[in-house]
Amino acid sequence: MTPELTFLLWSTALLFVQIVISAASNVRAMGQPWGIGNREVAATSEGFPGRAKRAYMNMLENFVLFAAVVLIAQAAGIHTNLTVLGAEIFLIARVVYAIVYLAGWTFISIRTIAWLAGVIGTILVFYAVASA
């Protein structure tokens with residue numbers, strides 16, 4: 001397996017963990033009957049449960065683009081230092097983003113910087129594929 005696919009695999013695992021954290025925090029906030037019920041009442045969007053959902057939704061939005069460019073690179077047989085670097089930056093940035101967002105840290109715009117770094121990682125892979 002190429003490094004890019006390995007980073008994609010671990011990005012998938014990160015997304016899954018974020019979904020589980022969001023679901024568990026919603027059940028904890030709303031109660032077990034809500035968790036096993038039809039959920040006619042929306043989960044709370046305040047505090048940790050809200051941050052957990054927003055964090056995983058943001059990861060999902062960015063993951064779709066990242067996965068697409070990595071899979072296109074693989075299908076085209078493009079494997080360069082730039083594609084590896086972009087994939088590595090994406091995963092590290094998304095881990096930092098998740099930690100910062102879930103913790104609720106807002107100082108020095110670390111979350112924004114982590115988000116931007118993830119986007120740059122995706123752009124690097126895209127650039128490597130588009131210029132090949």
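**Chat about S11 and the helical chain**

Me: Which residues does S11 touch, leaving out those up to four places away in sequence?
Reply: S11 touches M59, F63, F66, F90 and L91. Keep in mind that this is a predicted model.

Me: And where is S11 found?
Reply: S11 is in helix 1, which covers residues 3-30.

Me: Is S11 buried or exposed?
Reply: Buried. Its relative accessibility is 0%, and buried means under 20%, so S11 qualifies.

Me: How much of the protein chain is buried?
Reply: Of the 132 residues in the protein chain, 36% are buried.

Me: OK, the fold then. How many helices and strands does the chain have?
Reply: Five helices and zero strands. Along the sequence, the pattern reads α-α-α-α-α.

Me: What does the C-alpha trace span?
Reply: About 55 × 35 × 20 Å along the principal axes.

Me: What share of contacts joins residues at least 24 apart?
Reply: 78%, counting contacts between residues at least 6 apart in sequence.

Me: Switching to the surface: which residues form a nonpolar patch?
Reply: V95, I99, W105, F107 and I108. Together they have about 520 Å² of accessible area.

Me: Where does F107 lie?
Reply: F107 is in the loop that runs between helix 4 (81-103) and helix 5 (110-130).

Me: Why does F107 count as partly exposed?
Reply: Because its relative accessibility is 46%, and partly exposed runs between the 20% and 50% cut-offs.

Me: What does the protein chain expose overall?
Reply: About 7600 Å², with carbon and sulfur atoms supplying 70% of that.

Me: And how many charged side chains?
Reply: 7 positive and 5 negative, and the centres of the two sets are 9 Å apart.

How values were computed: Residues numbered from 1 in each chain as written. Predicted model: local features only at pLDDT ≥ 70, side-chain atom pairs only at ≥ 80, totals over all residues. Heavy atoms only, no water. Helix = DSSP H or I, 4+ residues; strand = E, 2+ residues; numbered from the N terminus. Buried < 20%, exposed > 50% of the residue type's maximum accessible area, 1.4 Å probe, protein only. Contact = heavy atoms within 4.5 Å. Patch = residues over 30% accessible without salt bridge, like charges linked within 9 Å, V, L, I, M, F, W, Y side chains within 5 Å. Areas by Shrake-Rupley, 256 points an atom, 1.4 Å probe, with all protein chains shown as cover. Salt bridge = Lys/Arg side-chain N within 4 Å of Asp/Glu carboxyl O. Lys, Arg positive; Asp, Glu negative; His and termini not counted. Charge placed at Lys NZ, Arg CZ, Asp CG, Glu CD.
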